[in-house]
Amino acid sequence: MSPDGIAESRASLWTSVLSLFASSGTLVCCALPALLVAIGAGAALSSLVSVFPKVVWLSEHKVGLFVFAGLAMAGSGWLQWRNRMAPCPTDPVLRHACLKTRKTSARLYVFSLLVYAVGGWFAFVQPWLAGTFDN
């Protein structure tokens, strides 16, 4: 750990941003198409796929996408936990910036967990429930 804790705070923030980016991929692959179909916007989904054809690729490789996002989020969570008590500078302005960065990082991480859970619901749980109750 660095003596002032700034390096750890920055690393924690950047891993939170990475986990948010990774978990948002789970929404694009799974939750967004399911939502569009559920509200009767199949034509909008068709337009989305024609403009962004890689959405289909993401949906076909959702297990790998969820594994990557889960690993990124686990790494971010570990850094969050490790740096929760890292020292901040004694200068009041720098200390405020350090604490604000730490708080922002934690909020981003919690939001990433929520996005990941929503994506996981639409990718795995909802199809399983639909298959279970259709029989």
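1. Start with phenylalanine 124 in this predicted model. Its relative accessible area is 36%, so phenylalanine 124 counts as partly exposed, since buried would need a value under 20% and exposed one over 50%. The ring also has a charge for company: the charged end of lysine 62 sits over the ring of phenylalanine 124, at 5.4 Å from its centre.

2. Next, the aromatics around it. The structure holds two aromatic pairs. In one of them, phenylalanine 66 and tyrosine 116 are tilted, at 5.5 Å centre to centre with 55° between the planes. Phenylalanine 66 belongs to helix H4 and tyrosine 116 to helix H5, so this pair ties together parts that are 50 residues apart in sequence.

3. How exposed are these two partners? Phenylalanine 66 is at 6% relative accessibility and therefore counts as buried, while tyrosine 116, at 25%, counts as partly exposed. Then there is the pair of phenylalanine 66 and phenylalanine 124: the ring centres are 5.0 Å apart and the planes stand at 70°, so this one is edge-to-face. Again helix H4 (phenylalanine 66) meets helix H5 (phenylalanine 124), so the pair ties together parts 58 residues apart in sequence. Put the ring pairs together and you get a cluster of Phe66, Tyr116 and Phe124.

4. Phe66 turns up again in the largest nonpolar core, which has five residues: Cys29, Cys30, Leu65, Phe66 and Ala123. Helix H1 (6–38) and helix H4 (62–82) are the elements that give two or more residues to this core. If you click on leucine 65, look for its contacts with Gly25, Thr26, Cys29 and Leu58, leaving out residues up to four places away in sequence.

5. Serine 112 is worth a click too. This residue lies in helix H5 (residues 92–134). Is serine 112 buried or exposed? Its relative accessible area is 0%, so serine 112 is buried. Beyond its neighbours within four places in sequence, serine 112 is in contact with Ser16, Ser19, Leu20, Ser23 and Met73.

6. On to the cysteines. The count comes to one disulfide, and it joins cysteine 88 to cysteine 98 with an S to S distance of 2.1 Å. The pair links distant parts of the chain, 10 residues apart: cysteine 88 is in the loop between H4 and H5, and cysteine 98 is in helix H5. The torsion about the S-S bond is about -65°, so the disulfide is left-handed. Both cysteine 88 and cysteine 98 are buried.

7. One more charge over a ring: arginine 84 lies over the face of tryptophan 81, with 3.7 Å to the ring centre.

8. Finally, the overall picture. The protein has five helices and zero strands, so to speak an α-α-α-α-α pattern when read along the sequence. Of its 135 residues, 33% count as buried. The protein exposes about 8,500 Å², and carbon and sulfur atoms supply 74% of that. Among contacts with a separation of 6 or more, 80% come from residues 24 or more positions apart.

How values were computed. Residues numbered from 1 in each chain as written. Predicted model: local features only at pLDDT ≥ 70, side-chain atom pairs only at ≥ 80, totals over all residues. Heavy atoms only, no water. Core = buried A, V, L, I, M, F, W, Y, C linked by side-chain atoms within 4.5 Å. Buried < 20%, exposed > 50% of the residue type's maximum accessible area, 1.4 Å probe, protein only. Helix = DSSP H or I, 4+ residues; strand = E, 2+ residues; numbered from the N terminus. Contact = heavy atoms within 4.5 Å. Disulfide = S-S within 2.5 Å. Areas by Shrake-Rupley, 256 points an atom, 1.4 Å probe, with all protein chains shown as cover. Phe/Tyr/Trp six-rings, centres within 6.5 Å; stacked < 30°, edge-to-face > 60°. Lys NZ or Arg CZ within 6 Å of the ring centre and 35° of its normal.
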